[in-house]
Amino acid sequence: THTTTWGRCEPAIEGVNRNIVWASEGVGGSGKTHFGLTAPDPIAVLLFDPAGLKGLMSNPQFKTRDIRVIDYTKSYNIAKLKDLSDRAQAARDTWAQFEEDWAVAMSGRFRTVLGDKEDHIWEMLRYANNQNFQAEPKSYYELNMIYKGLFAEAEANGINFGVMRGMREKWGKTGVNFTTGRPTYGGLGYDVPRGQKEVAELVQVNLSHRWDESDREFKVKILEKCRLGNAVELMGQEFGNFDFLTLALTLYPESDPSEWGVE
């Protein structure tokens with residue numbers, strides 16, 4: 001008699017973790033960090049942006065929350081180092097400390113971890129592993145794998161993990177030089193996030209933040225990457241005065257606020 005075996009395959013069921021791994025992109029002052037601090041506490045902020053928390057800790061909304069900060073800006077300021085080898089060494093030292101801090105952040109003490117800003121963390125990893133700054137593209141495979149591990153570990157541990165992403169103008173081909181026949185390059189007139197190029201694929205949902213002057217409120221848009229909830233309905237929608245709990249109940253409409261640490 002022929003017997004069919006499924007091997008190690010098990011029926012697919014919804015996971016029990018109530019957590020969100022997200023990326024917040026937007027220009028400075030668009031409310032990215034403010035949004036992140038509305039997530040369940042205790043919150044660990046891995047701070048690489050000197051102005052990342054400026055003005056927020058005096059906000060009455062956050063004064064009673066358990067928010068803890070590891071400020072890397074005091075020890076990791078490679079812009080002031082002129083020698084490339086000194087920059088690489090500073091990055092290696094800080095990355096070693098970051099790995100220890102990350103282990104604590106993933107240990108279960110915290111419900112939310114924020115990386116502010118994501119492009120600074122990626123830059124640190126690149127500097128720490130590319131002393132001569134002439135690495136071939138294949139050498140980035142390992143760095144990309146290490147970076148992906150941060151997002152995967154947060155998801156595996158059921159921890160909310162949000163990364164703040166600054167913006168830069170997209171650079172690319174703008175035309176052709178009619179004299180030489182060679183392509184010309186420059187700014188394309190629109191902005192894209194800085195940082196590691198695969199972040200949009202590593203998170204569960206991508207958010208775009210902006211300040212709306214006419215409505216006098218922060219706006220949050222769910223971008224084209226949304227793995228949770230009714231993605232077809234949600235992608236492209238923009239919300240005003242949007243906080244983490246509202247996002248959580250939008251993506252998990254069957255959940256209860258208590259599951260997100262709100263009684």
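The paragraphs below go from the whole chain to one of its helices. The model is a predicted one, and its protein chain holds eight helices and 10 strands. Taken along the principal axes, the C-alpha atoms of this chain fill a box of roughly 70 × 65 × 45 Å.

Within that box, 41% of the 263 residues count as buried, and the accessible surface of the chain comes to about 15,000 Å², with carbon and sulfur atoms accounting for 50% of that area. When contacts between residues at least 6 apart in sequence are considered, 62% of them join residues at least 24 apart. The chain carries 31 positive and 37 negative side chains, and the centres of these two sets lie 6 Å apart.

Helix 5, which runs over residues 140-156, offers a check on geometry: its 17 residues should span 24 Å at 1.5 Å a residue, because the expected span is 1.5 Å times one less than the number of residues, and the C-alpha atoms at its ends are indeed 24 Å apart, in agreement with that expectation.

The surroundings of this helix can be traced through its buried residues, which are Leu-143, Asn-144, Tyr-147, Leu-150, Phe-151 and Ala-154. The buried residues of helix 5 pack against two strands, strand 1 (21-25) and strand 5 (160-165), and also against helix 3 (84-105), helix 4 (118-128) and helix 6 (199-202). Beyond helix 5 the chain continues to Gly-158, a residue that follows the helix and has a positive phi, near 70°.

Key. Residues numbered from 1 in each chain as written. Predicted model: local features only at pLDDT ≥ 70, side-chain atom pairs only at ≥ 80, totals over all residues. Heavy atoms only, no water. Helix = DSSP H or I, 4+ residues; strand = E, 2+ residues; numbered from the N terminus. Buried < 20%, exposed > 50% of the residue type's maximum accessible area, 1.4 Å probe, protein only. Contact = heavy atoms within 4.5 Å. Areas by Shrake-Rupley, 256 points an atom, 1.4 Å probe, with all protein chains shown as cover. Lys, Arg positive; Asp, Glu negative; His and termini not counted. Charge placed at Lys NZ, Arg CZ, Asp CG, Glu CD.
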